[in-house]
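Work through the exercises below with the coordinates open. Each task is followed by a stepwise solution.

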Amino acid sequence: MEDKQVSGEVVPSGISVRAAEIAVAIFLLTLGGLVMYDSVRLGFRWVGDGPQAGYFPFYIALFICVSSLGVLGQVFFGKGRGEHKVFVEWAQLKLVLSVLIPATVYVFGIQMIGIYVASVAYIAFFMVWLGKYPWFKSVLLGIAVSIATFMMFEIWFKVPLFKGAFNPLSFIGY
Amino acid sequence: MGIQRVLSRGLLPLVAAFGLVAVSGPAAAWEPTKSVEFIIPAGTGGGADQMARLVQGIVAKHNLMKQALIPVNKSGGAGAEGFLEVKAAKGDPHKIIITLSNLFTTPMATGVPFNWKDLTPVAMLSLDNFVLWVNSEDPYKTPKEYLDAVKKAGPNAFKMGGTGSKQEDQIITVAIEKAAGVKFTYIPFKGGGAVATQLVGKHINSSVNNPIEAVAQWRAGSLRALCVFDDQRMPYKDKVTTTQSWNDIPTCKEAGIPMEYVMLRGIFMPAGVSPDVVAFYIDLFNKVRATPEWKKFMEDGAFNQTFMTGKGYADWVAKAESLHRDLMKEAGFLAKP
Amino acid sequence: MEEINALFHGFSVALTPFNLMLMVIGIVLGVLIGVLPGLGGANGIAILLPLTFTMPPTSAVIMLSCIYWGALFGGAITSILFNIPGEPWSVATTFDGYPMAQQGKAGEALTTAFTSSFIGAFFAVVMITFLAPLVAKFALQFGPPEFFSVFFLTFCSFIGMGKEPPFKIVAAMMLGFALAAVGIDTVTGQLRLIFGWHELMRGFDFLIAVIGLFGIGEILLSMEEGLSFQGRTAKINMRIVIETWKKLPKFWLTSLRSCIIGCWMGITPGGATPASFMSYGVAKRMSPDGTKFGTGMPEGIVAPETAAHAAGTAALLPMLSLGIPGSPTAAVLLGGLLIWGLQPGPLLFVEQKDFVWGLIASMYLGNIVGLIIVLTCVPLFAAILRIPFSIVAPVIIVICAIGAFTVNNAMLDIWFMLLFGVMGYAFKKLSYPLAPLVLALVLGDQAEDAFRQSMLISQGDVRVFFSNGLVGSIMALGLLMLFWPLIGKLKAALRNSGA
């Protein structure tokens, strides 16, 4: 799982560690900035009876900003800046995205058609596409998982799960 | 959810027309066609949560409703999360919410946009009392003795503990300060149980816990009840401690603190539901109130058992809202626009 | 002894066929609740509470407390198999449990976890039996400064031991604190860091973050390695239980230490989560194999599991004897007691002897029943890892989505879970540590509340944290823990210069 040390001869192409480091550091820096902005609004001083609501968030944000700047500093000026390490190879990234993109579609599906129906589709799709299982087996398993969760949550534990904006299961009275 | 949710978002006018038919239904008695969500705008274990789960238990045990009643905690943002959900579920007959004072205090203190007028009032179940408690090892026997000591010690020397910030406990604290000309340091905690314990451990000097939150410590002799913030004494005359019943606790008024405060424990539902639906739930809660379990709970918690519905209830809520606005304005708790 | 008599009376109350049946049902339900992320013990008990109104209170509380044991046992299963802690106190179990499962030692890890849980709980029950009145008083000593000192000690015993770059440790931890601060501020009632977005009011629940960071993140990482979870070679026969038991006695010191930490945290009531982290941190510092923690050491499972269970069990003591719930689950049980017409508090032990001793006896029995049930299922659980990745991965994602939703019944949380998943993937590859982030997220707001309540009490004077022996010594212990690595280095340096 650790980044592979590249010996120099063959450099597999992909997103470099450097780029990833910079992206994450900038993401953190932005978050820190946002938090700091809101803490100033809330009041970030130490008044008579202790810290105000924004006191801790302010210093937390300060630490986030300083340490992400530190990370950036190491990327640009640190010892290992000359090395070219690969964060993720294109082939690996493709595999990761082949899970991530359907998962995103799945969550969007939950929003629209609810957890139960979306889960059947997602499990079936995953098994057929990545597992090369036959269609009927995959759909059957998807339906089985969905029915099991339905029984467990909706009927047994009485926890209503999300049915989506266009509740396709409304006909069974849930 | 389903149809009503779409309706509220105004996505599909066609479905909306269909939805209206479904909601108004036949004129004869309406009944839930699926399980009813019972929203609790507070965390698990608190007063509202206990009451809601008791209602659920009673409904299930006595078979008062064909469909299930399912409590769901939505405590985010001092309960705003629960209220916003009910507000958004306009016309949904399968959703009810139990309220506490945060119905008024949360929108005023945080500026989150909702108001009880966004909801349909169903019924007031009871009013919850507040009692001024001190540690029994302290020498104060009456509210006057205590407040004199507070005054003598100077501002901020005495600590009042309470649940949450800018909510009922702190409002009462400010009202006491105003009535008696004293100043407490108010320490907010997450729940009423924690407050009572802190008082037993003497980390604070007094609290305004609800009876049910402090009764165990009172019975054990660790706490002393000074006065109740209702306009009359609590009606329960059975001895709770070895010497006292709830009825023996004087009102703060008769003890010289000219103020009263009770907290609403009532039921609301989304706006835009038909009168049949409201009538069904009123009937349901009438049946709940008739059960021995409910009566026992009321007595254990020394509740004020006022029951109201319809216009009387709405008027009470409107009055309570303006009272809270005044109290919060004076205390400087209103959110800055 | 009076307690022994009372206890045997309790056994006679608890040991009816009906109650034993309820125990088994309770444990099974509890394990199920513990396995499903999002349905925590508190949740499960709250849901099932109304069903128990038709039973006698003693039977009802036996069943509910068995659900509680079951949930505590169950939390470890997903932590070890899939790196998804179902409960806050199972997070520390993932640190060594998941690596062990990856090395094909899932059965061993599970057995270690279950056995440690049992020992922790048993220790706590014995303490409750004999020391109840004495120990209960101790809980009353805890005001806001004392609570803060406990959180401080937890952080101190846990940080400063990572091998990651310091900047990244700080960034991750602070990110956890920042996430914990989102939502309403207890002390002032102001809405913080929501930028007018009302959906953010409820804040970031720890579970959403953990399901995403650990669960989804791990799936993305496994995907990169090709389509497999490692550990398919896990042995799946019952002999693994006996083999593991043979190795466990040598961890007796860690176990004892964890029991004490757990009981202390359960009573105070700091709770099971600080207990598990603190115990892991302390074990890592004290153990001769400390440096190898995190790579799949059984000792790294023994410490947090023992402490979490001891704390979870001990948390029932302040609930019964003082009416203070030491954990969310205890809070719901407390509500149940009231509804059954029992009043928790100092008089419960006097007025309701049958009930109290029946409950305590059921703690002994429930734990034994629980241990037997979960141990017989070890091969079954371990076999889950043999299911092909392309079946198990989508099912895990579905369960994660359900878990994320059920925490707050909020659709938005499922999106956040996905976002945390991507973050977990990137963080792990860039060696930002996740543990400090999660620790800060779980305890951050409680620590801040306690700090600011203390400041209100002392009117802004920080010396309140050294104002009495109790708070002062916990703070001192915390500082000692914080500088422990430095002290070690100093010693080494002195030795070198001397030589």
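**Exercise 1. Size the contact between chain B and chain C.**
Step 1: count residues with heavy atoms within 4.5 Å. Chain B supplies 43 residues and chain C supplies 44 residues.
Step 2: take the buried area, the accessible area (1.4 Å probe) that two parts lose on being put together, summed over both. It is about 3700 Å², and carbon and sulfur atoms give 62% of that.

This is a predicted model: local features need pLDDT of at least 70, side-chain atom pairs count only at pLDDT 80 or more, and totals for chains, interfaces and linings use all residues. Residues are numbered from 1 along each chain as its sequence is written, chains are lettered from A in the order in which they are written, and side-chain values use heavy atoms, without hydrogens and water.

**Exercise 2. Find the salt bridges across this interface.**
Step 1: apply the rule, a side-chain nitrogen of Lys or Arg within 4 Å of a carboxyl oxygen of Asp or Glu. It finds three between chain B and chain C.
Step 2: inspect C:Arg202 and B:Glu81, a salt bridge whose closest N and O atoms are 2.8 Å apart.
Step 3: assign elements on the side of chain B that touches chain C, using DSSP runs (helices H or I, at least four residues; strands E, at least two) numbered from the N terminus. Those giving two or more residues include α3 (47-61), α4 (80-88) and β7 (185-189) of chain B. The most, six residues, come from α3(B).

**Exercise 3. Break that side of chain B down by class.**
Solution: sort with Ala, Val, Leu, Ile, Met, Phe, Trp, Tyr, Cys and Pro as nonpolar, Asp, Glu, Lys and Arg as charged, and the others, Gly among them, as polar. The side of chain B that touches chain C has 16 nonpolar, 17 polar and 10 charged residues.
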